[in-house]
Amino acid sequence: MRRKLAAGNWKMNGTSESLKELNALRDAHPDPKVDILICPPATLITSAVVTVADHPLQIGGQDNHRAENGAHTGDISASMLKDAGASYVLSGHSERRTDHAEIDEQIRRKTKTAHAAGLTVVVCIGETLEEREAANTLDIIAGQLAGSLPDVLTAENTVIAYEPVWAIGTGKVPTTNQIGEVHDFIRTKLEQRFGAGVGKSIRILYGGSVKASNADEIFAVSNVDGALVGGASLKASDFSPIITALENA
């Protein structure tokens with residue numbers, strides 16, 4: 001049975017004042033029935049870990065360099081994230097793929113490095129609007145899965161997040177049939193490549209304009225094991241209802 005996961009990506013938002021939102025989440029979910037993850041900016045990771053020290057809420061990084069260390073000014077290694085107290089890290093988010101021209105092979109290397117450091121990696125995949133309109137969605141997803149995932153992984157150290165690029169922060173949400181088609185396709189590909197045991201156990205999250213008003217509908221879709229939430233995770237008052245919806249799914 002896959003344990004569901006509500007993950008929040010704060011992106012380039014948040015200062016020390018934002019830690020009060022973690023306290024509010026703790027108060028709202030003292031004994032959560034699902035896993036909860038917040039990925040704040042790197043400047044807040046250690047403080048966030050301290051803030052949730054006596055709560056099962058997990059803290060993650062938003063990215064790690066593919067090298068273990070070295071002359072990479074301004075970058076953060078997976079071992080640094082682990083040392084700061086992070087237990088997860090995002091890899092291959094569409095904003096990294098677009099803004100930093102990251103390709104699948106780089107994401108694969110980042111994922112392997114993060115695994116070696118003891119982090120659970122949320123590997124993000126998803127098509128653009130142009131690819132969706134050209135009916136290339138499943139081909140794109142298959143290619144990203146093949147190129148971004150290392151050959152050896154486990155359900156404990158890897159999570160997949162399907163985020164259609166055209167739905168991130170736009171308010172546009174695919175139909176439940178579209179979400180289900182992609183999630184079922186991802187599950188099949190995972191089972192084919194890694195075997196039924198691992199393939200059936202890896203959690204698949206949906207991301208893209210998830211909010212309290214559509215969470216129930218999304219979480220009822222086949223093979224949706226949770227959500228990777230952007231803007232709605234910045235405030236506990238917005239994220240908490242999504243967590244509750246996932247607990248009730």
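The following exchange concerns the packing of helices and strands in a predicted model.

Local features here need pLDDT of at least 70 and side-chain atom pairs count only at pLDDT 80 or more, while totals for chains, interfaces and linings use all residues. Residues are numbered from 1 along each chain as its sequence is written, and side-chain values use heavy atoms, with hydrogens and water left out.

Trainee: Around the axis of α1, what arc do the buried residues cover?

Mentor: Helix α1 (residues 19–28; helices are DSSP runs of H or I, at least four residues, and strands runs of E, at least two, numbered from the N terminus) has Leu19, Glu21, Leu22, Leu25 and Arg26 buried, that is, under 20% relative accessible area with a 1.4 Å probe, protein chains only. These residues lie on the same side of α1 because their arc, taken from the directions from the helix axis to the C-beta atoms, is only 150°.

Trainee: Which elements do the buried residues of α1 pack against?

Mentor: Packing rests on contact, meaning heavy atoms within 4.5 Å. For the buried residues of α1, the partners are β2 (35–39), α2 (45–51), β3 (58–61) and α10 (236–248).

Trainee: Which residues of α10 are buried?

Mentor: What covers the buried residues of α10 includes β1 (5–9), α1, β2, α9 (212–219) and β8 (226–229). One of them, Phe239, is in contact with Leu25 and Ile36, among others. The buried residues of α10 are Ala236, Phe239, Ser240, Ile242, Ile243, Ala245, Leu246 and Glu247.

Trainee: Which residue in β7 does alanine 161 stand opposite?

Mentor: Strands β6 (residues 158–162) and β7 run parallel, joined by four bridges; pairing requires at least two bridges found by DSSP. In β7, alanine 161 faces leucine 205.

Terms used: Buried means under 20% relative accessible area, exposed over 50%, partly exposed in between (1.4 Å probe, protein chains only). Lists of a residue's contacts leave out its neighbours within four places in sequence.
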